[in-house]
Amino acid sequence: MLKMTANILRTLFSKKPTRLYPIEVRTPFEIARGKLVNEIENCNFCSICALKCPSQCISVDKKAATWTCDPFACVYCGICVEACPFKCLHQEQAQRRPAYERQILLKKGLPH
Amino acid sequence: MLKEMVPVSVDNLVKETAGLKIAGYRFVTLSCAAIDKDHFDILYHFDLGLDLKHLRLTVSGDTKIPSISPVYFAAFLVENEIQDLFGIFFEGLVIDYRGTLFLEKMIHTPFCKYTVQASQSKTNGSQPLSGSPDLKEES
Amino acid sequence: MLKTVIPFGPQHPVFPEPIHLTLTVEDEIIKQALPALGFVHRGLETLVDKSDFHQMVQVVERVCGICSMIHAMCYCQAIEEIMAIQVPQRARYLRVIWSELSRIHSHLLWLGLFADSFGFENLFMQFWKIREKVMDIHEATTGNRVIVSVNAVGGVRRDMSSEQLQWIQSQLANVKQEVARLGPTLLEDYTIKKRTVGKGIVSRDKAYELGLVGPTLRASGIAQDVRMLGYAAFNELDFEPVLGTDGDCYARSKVRFQEVFQSIDLIGQAIRKIPGGEVQVTVKGRPEGETVTRVEQPRGELLYYIKADGSKNLDRLRIRTPTFANIPALVTMLPGHWLSDVPVIVLSIDPCISCTER
Ligand code: SF4
Ligand code: SF4
């Protein structure tokens, strides 16, 4: 009984382990691999990211100067970010929000 | 690389395995790799005090391989798996799923127009393969 | 006596993943149990034809969510062995830290599920609450929460700063304290003992003969731990395999419970000994040859057989996961027990079905 009381008191006065998720979001960690962003102005359309990506979710068209990524096939491994020779890809800290329908990330730059 | 690789044949496979069991080896697993269209390498891995020993059996696809599951009971699962994935057949399995370890038994529906017919090319007549053997893993 | 055949699974409240058991019962005593697999077979092994050997790291990570780090480590070690790559010492230590972290979180997850299998929802909640701390360490050090994606052929892709290492240690001290607080409940509670002691016994000889692996084998009293091979940096750390004696469900949960502390201790040792330097070497060329590598997963010994023919893609990749080796135990463990004990006994081998079927 005494042991139980101690337990109850501890639970009553300790911090809640859960969060009210959509209202309260934990600050992401510094190196979290979240949303993939391409700064299209620096992109050279060299297709290295498309070649290295393990889930083959990037496609690059050099002629039309487009860079397409299917964020629903992306596994957020960060291989493309490391591979890009022009350092135009990076991952934000925050994750993508859930979406109602399938989206395709299409970026159009200037043809070189 | 692979140390302690002993080539075996279909005839002395069970004898070798029994010898290993007497020597106190623990059964680890079997690996199967396709060499070409109808030749397969089957590796038997055994372990004694963290040292691996391998037996290598090279067979053609239609050979019936004697099962080692009467010696090492645990081998029945992986032999059934190879039976499912490669279409190689083992003889004398303790528990024989006959190609249905991964696939459900096919339900014959006589009134349905579109029944998938299991091909029986690699079965041995008396034991019809009830699952479809299409799931062959060949590289 | 009338015989009844009861299909158990693939959908069952206690199974996190689909496995089917065909149980033949007489009265309520099980006479025969036959497992059937194949509900989540994905054929990942054949992806070697599509992805090159660098990309396969990300594929094998997805064999199993819980031990993804260890799968990738085993794969990388195999390729490194074929190509004779010397991995930097710091990378080896980091691999130890991450793999032991995944062992802790896997065991905590299992302890929770095990409590759930005999209906102790509160204990389930407590273990999973603690596990969240370990997941946070994962995310803070690697960037991802579950599939951490830190391994690469030739080393690891992330480094840890010394502040991070200190932070991990303080977090783990916290985890250790909280897990220890749950120990008496899990191991001494009257009701839990009634459900676990003497259930699903595998004797020492039988366990060896069946080729069982991991905690299931060690609970029967056999000191077999693949970490003793000294891969990564385990040869420089000091540990003894945790052993049980009785080989029943209770012994298996006790072994896993104590392995949590062993892993925390190993991480502490690794943090104290970790050398500085590079974490990754560049890899040139293509693998050619064949090899077999083994590592210790939370569930036991994991074996990779790799055959490479010098091209971009591997020739054959074969993965033998620990649950695959432990399933034959079910066939021998279940007969003789009550139907109501089946969930506890099946969960006591820590079945990971997506691993088993790849
Ligand atoms: S690797 Fe970088 S520069 Fe090249 S196409 Fe991809 S994003 Fe553009
Ligand atoms: S993060 Fe990984 S999966 Fe996503 S686009 Fe980049 S390489 Fe592909």
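1. Let me start with the surroundings of ligand 2. By class, its shell holds eleven nonpolar residues, two polar ones and no charged residue. In this predicted model, 13 residues surround ligand 2, and the closest are A:C53, A:C74, A:V75, A:C77 and A:C80. As for the space that ligand 2 takes, it is the largest cavity.

2. Ligand 1 is worth reading alongside. Its shell divides into ten nonpolar, three polar and no charged residues. Here, too, 13 residues surround the ligand, with A:C43, A:C46, A:S47, A:C49 and A:C84 as the closest. The space taken by ligand 1 ranks as the second largest cavity.

3. While you are in chain A, have a look at A:F45. This residue has a positive phi of about 55°, although it is not a glycine. A:F45 is found in the loop between β1 (36-38) and α2 (48-52) of chain A. Is A:F45 buried or exposed? A:F45 counts as buried because its relative accessibility is 2%, and the cut-off for buried is under 20%.

4. A similar backbone point comes up in chain C. C:A232 is a residue other than glycine, and its phi is near 45°, a positive value. You will find C:A232 in the loop between α8 (214-218) and α9 of chain C. With a relative accessible area of 6%, C:A232 is buried.

5. Next, the packing. The largest nonpolar core has 150 residues, and those with the most contacts inside it are B:I42, B:Y44 and C:Y75. Which element gives the most to this core? That is helix α3 (residues 89-117) of chain C, with 15 residues. A second, separate core has 19 residues, including A:L36, A:A50, A:C53 and A:L89. Of these, A:C53 has already come up as one of the closest residues to ligand 2.

6. B:Y44 deserves a closer look. Not counting residues up to four places away in sequence, B:Y44 touches several residues, among them B:L13, B:T29, B:L30, B:K53 and B:H54. Its list of contacts also includes B:L55, B:L57, B:I65, B:I68 and B:F90.

7. For the fold of chain B, I would note two helices and six strands. From the N terminus on, the elements run β-α-β-β-β-β-α-β. Buried residues make up 50% of the 139 residues in chain B. Among contacts in chain B between residues at least 6 apart in sequence, 50% join residues at least 24 apart.

8. On the assembly, two pairs of chains touch, and the most contacts are between chains B and C. Chain A and chain B do not touch, and their nearest C-alpha atoms are 20 Å apart.

9. Two positions in chain C make a useful contrast. C:Q262 has its place in helix α9 (residues 249-273) and is buried, with a relative accessible area of 10%. Leaving aside neighbours within four places in sequence, C:Q262 is in contact with C:R227, C:F239, C:E240, C:P241 and C:V242. C:T191, by contrast, is found in helix α6 (residues 190-196) of chain C. C:T191 is exposed, with a relative accessible area of 52%. The C-alpha atoms of C:T191 and C:T46 are separated by 47 Å, and these residues are 145 residues apart along the chain.

Notes: Residues are numbered from 1 along each chain as its sequence is written. Chains are lettered from A and ligands numbered from 1 in the order in which they are written. This is a predicted model: local features need pLDDT of at least 70, side-chain atom pairs count only at pLDDT 80 or more; totals for chains, interfaces and linings use all residues. Side-chain values use heavy atoms; hydrogens and water are left out. A nonpolar core is a set of buried Ala, Val, Leu, Ile, Met, Phe, Trp, Tyr and Cys residues joined through side-chain atoms within 4.5 Å. Buried means under 20% relative accessible area, exposed over 50%, partly exposed in between (1.4 Å probe, protein chains only). Helices (H or I, at least four residues) and strands (E, at least two) are DSSP runs, numbered from the N terminus. Contact means heavy atoms within 4.5 Å. A residue is near a molecule or strand if one of its heavy atoms lies within 4 Å of it. On a 1 Å grid over the protein atoms alone, a cavity is a set of points where a 1.4 Å probe fits but cannot get out, and a pocket is an open set with protein on both sides within 12 Å along at least five of seven lines; lining residues have an atom within 4 Å of a point. A molecule sits in a cavity or pocket if more than half of its atoms lie within 2 Å of its grid points. Ala, Val, Leu, Ile, Met, Phe, Trp, Tyr, Cys and Pro count as nonpolar, Asp, Glu, Lys and Arg as charged, and the others, Gly among them, as polar.
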